Amino acid sequence: MSALRLHRELAEIWATGPGWQRLAAVNHSVIGLRFMATSFVFFAIAGVLGMLTRVQLATPDAKFMDPETYNQVFTVHGSMMLFLFAIPMIEGLAVYLTPKILGTRDFAFPRLTAYGYWCFLFGGSIVAISLVFGVAPNSGWFMYTPLSSNVYTPGINADVWLIGITFVEISALTLAVEIVVSILKMRAPGMSLDRMPIFGWYMLVTALMMVVAFPPLILGAILLEIERAFGLPFFDPRRGGDPLLWQHLFWLFGHPDVYIIFLPMAGALSTIIPVFANRRLVGYRAIVVAIIALAFVSFGIWVHHMFTVGIPHLALAFFSTGSALVAVPTAVQIFAWLATLAHGRPRWDVPMLYVFGFFFVFVLGGLTGVMLAIVPFDWQAHDSYFVVAHMHYVVGGALAFPMLAAFYYWLPLLTGRTAVHRLSVPAFWLVFIGFNLTFFMMHLVGLLGMPRRVYTYPGDVGWNWLNLLSSVGGFIMTIGFGLVVIDMLTQFRYGRRVRRDPWRTTTLEWAMPIPPAPYAFASLPHVGAPADDIAAGRRALSLARGEGYLGFARNGWQETLGVHMTSGAPEQLIVLPRPTYLPLCTALATGAAALAMLFQFYLLSLAAALVTAGLFVLAGQRAGLVRDHGPLPVGHGVSLPPHTESAGAPPWWALIFTLLADGTIFASLVFGTFYLWIAAPNWPAAVAPTPSLTLALVTLAALAVAAAAARGSLRALVAGRSVRGWTGFAMLALIAAIAGAVVLIGGIAPPPREHALGATAAALLGYVVLHAGIGLLFLVSNLLRLGAGRVSARRSLDLRLTQLWLDYTVVTGAIALGLVLALPALVAMLGARP
Amino acid sequence: MAGCKGPASTLDPAGPAAASIATLWWVMLAGATVLFALVMVLFVLVIRRPGWGSSVSPTRWIVLGGLVLPALVLVPLVAYGLVAGERLLPLLGSAPPRIEAVGRQWVWTFRYPDHGGAETKAVLHLPAGAPVDIVVTSIDVIHAFWVPRLAGKIDAVPGRTNLLRIQADRPGRYDGQCAEFCGLGHTGMRFAVIVHRAEDFAGALAQAAKEQR
Amino acid sequence: MSPHPVPPRRLWWLVAGFGVWCSALVVAYALHAVGCAFGWSAASLRLVLALVIVAHLVVLGWMWRDLATDRPEPGFGPTGTFLQTVALWTLIAAVVATVPMLGLTIALTTCL
């Protein structure tokens, strides 16, 4: 078949329609670009806000902004940069590039990608629009309680943050699960884990970190919003809550977040540097070990943001030592890159200019990071401008410079042209000089005693010149970024044309026509050697002619391959869903729930949440195939079953990683309960808890019955018997469990609004109710899909997913109910304290 | 180092705690400068002199730069930091006089239990030359007590009390401020620290407390 | 594509070493908080922490033996060797992270 005819056939299947149909897009290239473009818009807004703070601080006693405006401006600057720019930007890069680098046609759950994008857009817009109405968040980007509680921030400002940002985080979590599953299950045939380009390892580790890092903050935000809206005192010290619990939950997310931002960019650097060094990356295995170590250690040092809250020195020492240790895996990567350059024949081009910027800025930020890890120094520098300088060096070095290197490196893939040097080089120097002038001065002014987050300062403390220089630097940097944008836009029109592979690269994303088609690869490559050592340009033509796997169009299906996790041997034919408005509608319903919550229409919010759940069930109805197909040919003489008939289909793994995230939320809740018990003031409560043992056991038994019934229905399906009876039985058991838990919540003593003891018990039981309720949705979906013929003995995935969910619900239910039952004993122990 | 002077400068210490941390800073600055220069020189050399570093094997690059170098730097630094931190703790063996500092949006109140419960607002009076334990708490949101020329900061957390041991070597006036963002009036939540000669302290405090009442 | 692909469950080895490190940190930090809250003496608190750390190091050592003596099955091919090497080094890194972070710090003042 000719390359052109194959292109036409595949493009017809994979393309996103014109006009309004763009809203139905689910393709990874389209969504990835939208993610990056939208996050860049938020970057611009947040950048302008940053400039406003620099205008205000350029001179002492300035009247440019009043304190309320200033507080909103710096809060949104920080929140937007981290939650609406940094995270979505790396997600966009991951969505756009990962499938191409790993040699597959799309991600595993295209509709979920689209849903994630819309959630990000709507959540981010809520935050951005609040600024226009002057009700933007104003408690600082880490929202410390009790300042962010409804006593000290009575308006909707804090709610905007809690609801808008949580909305965005849920989108990040869905994408993280999707990235993990796609990397593990969807690679080019033959790409075993040891042949996977290092970028894949970086993204895999990052996405796994996101799966575990976001849940504590999501839980914290939910608890704080419950406290604000319904008065359950999780963080209020007068009623047995503890403001420091918020700090723990926030930084359990907040510290790993720095590495979540850094690792994908380090992955980009590890891809770019070898190309410009004309040599394969040095130390592939060392880097894999380093990033696994980094991922873990970065979680173990969250307390270094809390060195001044009064934690004993011995405990601080754990985290101080850990924070110093984290420099080691980072140094391994830095020296692996240096070694790659030393053993190669480096050539110089615009991306390398930004690599230089990265080295300069990131190493400085890392060094001040080690300084801040030393406890006594942190006591002085904490919450001063020294920290502001440090974090901008780290994030600028980890994100801004590598991101621009990545843009200049990968933009030709999109534009078919290379950058205009006359503009790129001065733009770099303006960004570089401006950046260093702005933020280097902040180290000094911090050491001279300037605390962060002050809206102005007196003229006689010696901070005037440094602040003025910072502000001047800020403007130079802004001009630089403006030039970068102009340069990129110019490239689309005036850049030097290239046909394919302008950099003589070694990874698969260049083994395709420029710009990439929606199906990415006309046929999937076979990878028989390390996949970061492929002469990409030479592979492109044969793949375009359909000489790899799946080099044909069939049934109008969007087909790609699922592989064995470790070996990369092809094992299933994955049929992906076509464009649909469903993600947009679901995100709109989710957005309606969030907005109704924000304006305190709680019933409306609940209704919209139920509509969202219904749309998810509806989305399930369209998934999969309506009949058994058996093995189908995929090319090269290989025949594979469709994913619906495969044991390790992507949804199975997605649920496992979703439960990992969910389990982290649950673990955080259990941690919160114990933390309040041991550390919060005003414990024990005046009223002793008296949970009903009988009711708790009945509830647990009902959950166990539901899980057993789910097992029964799976067995019945495989044996060819009817499963409706079992499903109905499971539903009844779940309803009984929900009723039991609700009655338990009603009888909690002390009442949840009066003391944190009751509030945590309510949260634990609420968790059980929520999971039993979602279990009901699974069962409803099963009944509908059974009726539509989408489930069979060979296509039993739905029932296996249900079983997994209900098993999880029993286990967490047992722990939650057990903890609630143990509360009286725990309270009694407190009484025995000296 | 004239540039380091200032009423709130951590590098212009006026007490043993701030002095010890300032020394720590100068040591770390020297070390960081050397390391930064090392990495940047290596970067420029490997780019500008192709083949320059190829005599050292890739593994050796990673082991020397990624493992040996950090170990040589970090082990002594962390040990130094922990010992220095230990010396700054308000250890229970000695029990210097206590002064209570209570944060409230947006003013500091200082109480002197050893002086008949005298109270001053926005001005902290201290005797020179002797350690004092500041008992820090808050009655609303989180604040932080910070006198950069005397010591590091400690948070004022509602529902908890934290202890900070400080000592001013010489009489004089020093700037103090709230270091944890605490809302609309955060910027204005400053206070002055007036250090008196030990023999003048009681009288000066009584005078100041009377004036404020 | 070797005839015997490495079973996916072997991937757990990549996170096992640092999983133990995580457990050591969480247990030590929690017990330290409990000890201070319930007024344990400094000596008994240090003893408990030391026991926690030693127990975790024993587990790491046992895992090391299990992994290092168990040569990668030849059927697993280069992928098996690769995963084995990476798992082994994460284990070493986990031990190296545990000792200074939790081992040497317990001599400090306990509850202040």
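**Disulfide, unpaired cysteines and a nonpolar patch**

The structure holds 1 disulfide over all chains, and the coordinates discussed here belong to a predicted model. The bond joins Cys36(C) to Cys111(C), with a computed S to S distance of 2.0 Å. The link of Cys36(C) and Cys111(C) is left-handed, with -90° about the S-S bond. Because Cys36(C) lies in helix α1 (residues 12-37) of chain C, whereas Cys111(C) belongs to the segment after α3 (77-103) of chain C, the pair ties together parts that are 75 residues apart in sequence. With regard to solvent, Cys36(C) counts as partly exposed at 23% relative accessibility, and Cys111(C), with a relative accessible area of 33%, is likewise partly exposed.

Cysteines of chain B were also examined. The cysteine sulfur closest to that of Cys182(B) is in Cys178(B), at 3.8 Å, which is too far for a bond, given that a disulfide requires the two sulfur atoms to lie within 2.5 Å. Cys182(B) is buried, with a relative accessibility of 0%, and Cys4(B), at 11% relative accessibility, counts as buried as well.

A further feature of chain B concerns its surface, where Val63(B), Leu64(B), Leu67(B), Val68(B) and Leu72(B) make a nonpolar patch of about 420 Å². Among these residues, Leu64(B) is placed in helix α2 (residues 58-88) of chain B, and its relative accessible area of 46% makes Leu64(B) partly exposed.

Note on methods
Residues are numbered from 1 along each chain as its sequence is written. Chains are lettered from A and ligands numbered from 1 in the order in which they are written. This is a predicted model: local features need pLDDT of at least 70, side-chain atom pairs count only at pLDDT 80 or more; totals for chains, interfaces and linings use all residues. Side-chain values use heavy atoms; hydrogens and water are left out. Helices (H or I, at least four residues) and strands (E, at least two) are DSSP runs, numbered from the N terminus. Buried means under 20% relative accessible area, exposed over 50%, partly exposed in between (1.4 Å probe, protein chains only). Patches are made of residues with over 30% relative accessible area and no salt bridge: like charges are joined within 9 Å, nonpolar side chains (Val, Leu, Ile, Met, Phe, Trp, Tyr) within 5 Å. Accessible areas come from the Shrake-Rupley method with a 1.4 Å probe; for residues, only the protein chains shown count as cover. A salt bridge is a side-chain nitrogen of Lys or Arg within 4 Å of a carboxyl oxygen of Asp or Glu.
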